Amino acid sequence: MSNLSNIGKLIHLYIDEIEPGDGIDAPEFLISATAKFLSESGGRNWVPVIVKEVEEDKYEVIGNSFIFAVAEAAGLEKVWCVIADESEETEKISKILSGEQIPQINLSTATRDEIKIALQYLIEKLDSQLKGVKLAVATNRIDEAPRQYWKDFKPITKLKCGITTAKVNALKEVFYLTPQPIPEPEKVNLSTATKDEIQAALQYLIEKPNSQLKQVELTKATERIAEAPRQNWKSLEPITKLKCGIGKAKINALKEIFYLRKEGVGSRE
């Protein structure tokens, strides 16, 4: 659509050839006062509007929407613009660079420092839902968690880091997730398994497609199984008595990963 020879160029366009795009939610005072100042200062927008060509001699604003709104309010006939290409990526970066869109970080792969500065931004915002969350605690617990497998932000509410169910949606402003499939763990001897081994195995079983354990709460099940006298079990049946969401109808699902073998005994469940 766009004239490739114009992409990246600064061009003086008639304002009636330009559509405002998404527009901008700015106070009327700021637009009006800035428009007056622009008119009194020669009527030239030294910071250009970013536009893309949508058809011949027709354009749409994709960045610096505030400047376009001011130019309209000032009654300018023409406005200086930079012509961008039509890709979604270009539109996104234009909005981010012009301060119209908040950049987001992939929490699945973010570094500890990236998590820290994003959380700090959210915590220190005016009227923040995360006010009172301890930055160091939340950063460390999220960084150490198996976030590469998270499908949503709910696991954060189980980390005891101050981010509860009522607050977790605030994270969506700066974070997104690209979850990896949970790898199938090796068989786990439940007689001697550590709490982390139990949790990893249960998480795999709970989150696999068509899981019989879909509604089981991972943290509760992990803690109750880990605390039980597993070294004395002859079968997995005692799990059904732990009130951890795994009843008799679901117990066989555990056998895909778990087995029982006392120290020095060679047989498996």
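**View A. The open sheet and its strand order.** In this predicted model, five strands make up an open sheet with mixed pairing, and reading across the sheet gives the order 1-5-3-4-2. Strand 1 (10-14) and strand 2 (18-19) stand at the edges with a single partner strand each, so one side of each has no neighbour in the sheet. As a reminder, the strands of a sheet pair through backbone hydrogen bonds, either parallel or antiparallel.

**View B. Strand 3 beside strand 5.** Here you can follow strand 3 (residues 49-55) as it pairs with strand 5 (residues 78-84) in the parallel sense, over four bridges. To find one of the matched positions, look for valine 49: its bridge partner in strand 5 is cysteine 81. Strand 3 is also mostly covered, with five of its seven residues buried.

**View C. Strand 3 beside strand 4, and the turn between them.** Strand 3 and strand 4 run antiparallel and are joined by five bridges. Lysine 52 stands opposite glutamate 60 of strand 4. Which residue of this hairpin takes a positive phi? Aspartate 57 does, with a value near 60 degrees, in a hairpin that has two residues between the strands.

**View D. Two helices lying across the sheet strands.** Helix 2 (residues 65-73) lies across strand 2, strand 3, strand 4 (58-63) and strand 5, and runs at about 125 degrees to strand 4. Helix 3 (residues 88-97) lies across strand 3, strand 4 and strand 5, running at about 55 degrees to strand 4.

Notes
Residues are numbered from 1 along each chain as its sequence is written. This is a predicted model: local features need pLDDT of at least 70, side-chain atom pairs count only at pLDDT 80 or more; totals for chains, interfaces and linings use all residues. Side-chain values use heavy atoms; hydrogens and water are left out. Two strands pair if DSSP finds at least two bridges between them. Contact means heavy atoms within 4.5 Å. Axes are lines fitted to C-alpha atoms, for helices over the stretch in contact, and angles run from 0 to 180 degrees between N-to-C directions. Buried means under 20% relative accessible area, exposed over 50%, partly exposed in between (1.4 Å probe, protein chains only).
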